[in-house]
Amino acid sequence: MRIAIALLILALPPAAMAEIYKFVDENGLVTYTNMPRPGIKPQMVIPDITRSSAPPAASDKKAKSSGKIPTPSYFPKVDTKTQVKRDDMRRQLLVEELRSEERNLAASRSELATNSRRPGADIGKLTDSVRMHEKNIQMLNKELSHLR
C-alpha cells in the first residue's frame, strides 16, 4: 500500500506541469487553461518548461555571468509608458503609506510619553509599537529609494 501511494505521489508532479493557454472572449473575460480550445487561437501560450531540453544559448551564459537573468520569450511585455504609469502609482502609494506611518509613529511616541509615567502601563507594548512604526518607515524609505 505504501509503495502504491509513493508511486502515485511521484507521478503527480510531472502531470501538473503543462502548457498554459490564455483566451479572451468577446466580453473581455480572460480564461487561463491547460486545454487548447479547437478553432480558437490563444492570445498567449506559456510553454511546458519540462519539454525544452535545448542547451542555453551563448547570450544566456553571458547574461547569467553578468548577474542578470534574461526574460523568457513567452513572458508578457509592457510598454515603457505603461510601466512609468505603474511606477508612478506605486511611488504615490508608498508616499501615502509613509505619511500614514509617520503620523502613527508620532501618535505612538506621544502615547508612550504620556503613559510612561502612569503606574501599570504596558511600556513594553508601547515601545514595541514605536519600534514597529520606525521599522515600517525605514522599509518604506528603502522601497522608495529603489524606484526609478
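Which side chain meets that of Arg91 in a salt bridge? In this predicted model, the partner is Asp88, and the two side chains approach to 3.1 Å, taken from N to O. Both residues belong to helix H3, where Arg91 and Asp88 are separated by 3 residues, or about one turn of the helix. In an α-helix there are 3.6 residues a turn, so residues three or four places apart point the same way. Arg91 counts as partly exposed because its relative accessibility is 26%, between the 20% below which a residue is buried and the 50% above which it is exposed. Asp88 is likewise partly exposed, with a relative accessible area of 41%.

The protein chain as a whole contains 4 helices and 3 strands, and these elements follow one another from the N terminus in the order α-β-β-β-α-α-α. Of its 148 residues, 14% count as buried, while the surface that the chain exposes comes to about 12,300 Å², with carbon and sulfur atoms supplying 59% of that area. When contacts between residues at least 6 apart in sequence are considered, 49% of them join residues that are at least 24 apart.

Helix H3 covers residues 80-115 and has 36 residues, for which a rise of 1.5 Å a residue predicts a span of 52 Å; the C-alpha atoms at its ends are 52 Å apart, so the expected and modelled values agree. The buried residues of this helix are Asp87, Leu94, Leu98, Glu101, Leu105, Ser108 and Asn115, a set that holds leucines together with residues such as Asp87 and Glu101. These buried residues of H3 pack against helix H4, which covers residues 123-146.

Salt bridges also connect helices H3 and H4. The search of the whole structure finds 4 salt bridges, including one in which the side chains of Arg90 and Glu143 meet at 2.4 Å, N to O. This pair links distant parts of the chain, since Arg90 lies in helix H3 and Glu143 in helix H4, 53 residues apart. Arg90 is partly exposed, with a relative accessible area of 38%, and Glu143 is also partly exposed, at 30% relative accessibility. A further salt bridge brings together the side chains of Arg109 and Glu134 at 2.8 Å, N to O. Here too the pair links distant parts of the chain, with Arg109 in helix H3 and Glu134 in helix H4, 25 residues apart. Arg109 has a relative accessibility of 44% and therefore counts as partly exposed, and Glu134, with a relative accessible area of 32%, is partly exposed as well.

The strands offer a further set of features. Strands E1 and E2 run antiparallel and are joined by 4 bridges, and in one of the pairings Tyr21 has Thr33 of E2 as its bridge partner. The hairpin formed by E1 and E2 has 5 residues between the strands, and within this hairpin Gly28 takes a positive phi near 85°. A nonpolar surface patch of about 330 Å² is made by Ile20, Val24, Val30 and Tyr32. Strand E1, residues 20-24, and strand E2, residues 30-33, are the elements that each give two or more residues to this nonpolar patch, and Tyr32 has its place in strand E2.

How values were computed
Residues are numbered from 1 along each chain as its sequence is written. This is a predicted model: local features need pLDDT of at least 70, side-chain atom pairs count only at pLDDT 80 or more; totals for chains, interfaces and linings use all residues. Side-chain values use heavy atoms; hydrogens and water are left out. Buried means under 20% relative accessible area, exposed over 50%, partly exposed in between (1.4 Å probe, protein chains only). Contact means heavy atoms within 4.5 Å. Accessible areas come from the Shrake-Rupley method with a 1.4 Å probe; for residues, only the protein chains shown count as cover. Patches are made of residues with over 30% relative accessible area and no salt bridge: like charges are joined within 9 Å, nonpolar side chains (Val, Leu, Ile, Met, Phe, Trp, Tyr) within 5 Å. The expected span of a helix is 1.5 Å times one less than its number of residues. Two strands pair if DSSP finds at least two bridges between them.
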